[in-house]
Amino acid sequence: MFIQKHSLKLTLNNSLQRLKFKQFKQSYSINISTSTIDRVNITNEFLKLKNGMNISCDIYKMENQKNNNNNNINSILFMHGGGQTRSSWTKTAQRLVEIKKDISVYAVDLRGHGETDRAPANIYSIESFIEDFHNTLELIPSPKIVVGASLGGIIALLYEGNYKLKFSNSQSVNGLVLVDIAPKLESSGLQRIVGFMQSNPDGFESIEQAAEFVASYLPHRKKPTDFSGLAKNLRYSNGRFRWHWDPYFLEWAKTYVDQNSEMHYKMREAAKLVQCPCMLVRGSKSDLLTLESVKEFGDLVPHAKVVDVVDAHHMVAGDTNDAFTDSIIQFILEIDK
């Protein structure tokens, strides 16, 4: 494993001395050549899965996209973290297709999130998320890369490691990017996330009130003056603005936190079996993923590349989007060599 850290020296304990660090602080100088006829088309579709779920999916591709007639990466599937939506990836998805004009990007809402169906009988489980993931992969052209943040990364790691063997028509993944997620997670970080989601169960009087609450949860971010992005995460009913996720999902998420040690074991076993190119992108200020967790991941997946994004917290893409996107671009270029 090798960890990238740009122009930054770290003082590490003995167990981490052997790791080489380079950190992403600024964007690569990548030339983007677009014209008025080369525009990014964004369409929203509902993917009808074999298990009956309707998955809301934004598809990004160039207006005049040419067919990919070689073995290069053709598709990228983005899966958000718990409590987020497919819109978490908008900036990254647009920039990726502007630079890699022959790829298509698929960003989905997980079950119980955004516009995707709620779980039948209000029952959520990691197995049901994995089944959705498998059925979604069937609908996306290969070769393909999967990028999963937090919960999305857990789903992708468990599938690629061992769950895919349980499907008769297991799907091949040509690259796996985990965003601030690994087998060993800090319980305090998990509890902070769930605590945020549990707050204000009766919603907010206004979007501005919701924005104040988010700003208190993310004090490191500049408070936006445009609330259109936040509005995508809220639903208005009975005079109140409420979060988009299914309250029953939150019940399952609390159980997940309580079973952190059990999930740690499952993810460790899965990580040992990952064979495809793999990259872990960590926020340097993450309260969920420590350097010790990164070292453990490197021992489990020795061929993995690890990138530490300067000044990013757990929600890396939202905190430092340019540097995050650059790491994805470089990963694709390395696979396409």
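For my tally I count Ala, Val, Leu, Ile, Met, Phe, Trp, Tyr, Cys and Pro as nonpolar, Asp, Glu, Lys and Arg as charged, and the others, Gly among them, as polar. Note to self: this is a predicted model.

**Entry 1, the enclosed space.** I went looking for cavities of 30 Å³ or more and got a count of 1. I put its volume at about 90 Å³. Which elements give two or more residues to the lining of this largest cavity? I found β5 (75-79) and α2 (126-137). Of the elements, α2 gives the most, with 4 residues.

Then I pulled the names. The lining includes L77 and M79, and I also noted F129, D132, F133 and T136 there. I55, V108, D109, L110, R111 and I155 are lining residues too. Sorted by class, I get 8 nonpolar, 1 polar and 3 charged residues around the largest cavity.

**Entry 2, an open site.** Next I checked the second largest pocket, which comes out at about 240 Å³. I listed 14 lining residues, and the closest to the pocket centre are N200, P201, W243, W245 and P247.

Where does the lining of the second largest pocket come from, element by element? I see at least two residues each from α4 (187-198), β10 (240-243) and α7 (247-258). The largest share is from α7, at 3 residues. My class split for this pocket lining reads 6 nonpolar, 5 polar and 3 charged.

**Entry 3, side by side.** I jotted both linings down together: 8 nonpolar, 1 polar and 3 charged for the largest cavity, and 6 nonpolar, 5 polar and 3 charged for the second largest pocket.

Methods
Residues numbered from 1 in each chain as written. Predicted model: local features only at pLDDT ≥ 70, side-chain atom pairs only at ≥ 80, totals over all residues. Heavy atoms only, no water. 1 Å grid on protein atoms, 1.4 Å probe; cavity = no way out; pocket = protein on both sides within 12 Å on 5 of 7 lines; lining within 4 Å. Points joined across faces, edges and corners; volume = space filled by probe spheres on them.
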